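Visitor: Got a minute? I'd like to go through this one with you, starting with how the helices and strands sit together.

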Amino acid sequence: MCAHVLVAEDDEMQAELIRRSLLAEGHTATVVHDGGAALDAVRRLRPDLVVLDLMLPVVDGLGVCRALRRADDIPVLMLTARSTEDDVLLGLDVGADDYMTKPYSPRELMARIRTVLRRSGRGPVRAAGLQVDPVRHEVRCDGEEVECTPAEFAILLAMTAEPERVFSRRQLLECTRGMDRASTERAVDVHIMNLRRKIEADPRRPVRLLTVFGVGYKLSGGRG
């Protein structure tokens, strides 16, 4: 389980599609169909993120977002069929962290959710037997705590959030900006080597942090 996501969507088919996509990503999901129920669920369940349709009955999405921002900092990803610049700006002005217009692909929505969760620092991410918690700045491998430098932690957080994605050295270098003044693409190789010593049973024969020759590195092992 990566995060608990509240889905506030009055279209039941859309809500079910989002719920299934979240479960496939390793999240848990709670679904409600009106704004009043959304506010009640936030108070009771304290989700890590709210996926919020703009056109909700009882209390619309703007009203829900305003109410959340008065009392909480829970990340909000707003969904709407309205696509004008004014509508997008209004959604962001009331405190939404991101804004998607319908129709959208479930794959893109899941990518946006990963980005918002990562940016907000909420909820640990889990993959390949690793748990990386950005709030506690804690890494566990097969349940055992692992000490990491800030640069190593940033690299591992990015890779755990997107297992099986191949990251170039330059992309991983960007993760460490501001943490290591002398950091270069060669330094990324050193960080990976050090991480292998910490999370691999045999660092010479890694099964988690794999080299993709000519490209970079990936975290293998899937979510969970």
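Guide: Sure. Keep in mind that this is a predicted model. A good place to start is α6, which lies across β10, β11 and β12 and runs at about 65° to β12.

Visitor: And which strands does α8 touch?

Guide: α8 packs on the sheet too, touching β11 and β12, and its direction makes about 145° with that of β11.

Visitor: What's the strand order in that sheet?

Guide: It goes β10-β12-β11, an open sheet of three strands with antiparallel pairing. The edges are β10 (167-168) and β11 (209-212), each of which pairs on one side only.

Visitor: How many bridges between β11 and β12?

Guide: Four, in the antiparallel sense. As a landmark, look for Thr 211, which stands opposite Tyr 217 in β12.

Visitor: OK, on to the hydrophobic stuff. Which residues touch the most other members in the largest nonpolar core?

Guide: Met 159, Leu 172 and Ile 192, out of 25 residues in that core. The elements giving two or more residues to the core are β6 (125-127), β7 (130-133), β8 (138-141), α6 (150-161), α7 (169-175), α8 (185-199) and β12 (216-219).

Visitor: Which of them gives the most?

Guide: α6, with six residues.

Visitor: Let's zoom in on Met 159. What does it touch, leaving out residues up to four places away in sequence?

Guide: Its contacts are Phe 167, Leu 172, Ile 192, Leu 209, Tyr 217, Lys 218 and Leu 219. Two of those names, Leu 172 and Ile 192, are the residues that share top billing with Met 159 for touching the most other core members.

Visitor: What's in the second core?

Guide: That one is separate and has 22 residues, including Leu 6, Leu 62, Ala 67 and Met 78.

Visitor: Switching to charges. How many salt bridges does the structure hold?

Guide: There are 19. Take Arg 112 and Asp 98 as one example: their closest N and O atoms are 3.2 Å apart.

Visitor: Where do Arg 112 and Asp 98 lie?

Guide: Arg 112 is in helix α5 (residues 106-120) and Asp 98 is in strand β5 (residues 98-101), so the bridge ties together parts that are 14 residues apart in sequence.

Visitor: Is Asp 98 buried or exposed?

Guide: Asp 98 counts as buried because its relative accessibility is 16%, and the cut-off for buried is under 20%. Arg 112, at 24%, counts as partly exposed.

Visitor: What about Asp 189, what does it form with Arg 169?

Guide: A salt bridge, with the closest N and O atoms 2.7 Å apart. Asp 189 lies in helix α8 and Arg 169 in helix α7, so this pair ties together parts 20 residues apart in sequence. Asp 189 counts as buried at 15% relative accessibility, while Arg 169 counts as partly exposed at 25%.

Visitor: And Arg 186, how far apart are the N and O in its salt bridge with Asp 189?

Guide: 3.4 Å. Asp 189 and Arg 186 are three residues apart in helix α8, so about one helical turn separates them. Arg 186 counts as exposed, with 57% relative accessibility.

Visitor: Last one: which residues do salt bridges with shared partners join into one network?

Guide: Glu 9, Asp 53 and Lys 102.

Key. Residues numbered from 1 in each chain as written. Predicted model: local features only at pLDDT ≥ 70, side-chain atom pairs only at ≥ 80, totals over all residues. Heavy atoms only, no water. Core = buried A, V, L, I, M, F, W, Y, C linked by side-chain atoms within 4.5 Å. Buried < 20%, exposed > 50% of the residue type's maximum accessible area, 1.4 Å probe, protein only. Contact = heavy atoms within 4.5 Å. Salt bridge = Lys/Arg side-chain N within 4 Å of Asp/Glu carboxyl O. Pairing = 2+ DSSP bridges. Axes fitted to C-alpha atoms, helices over the stretch in contact; angles between N-to-C directions.
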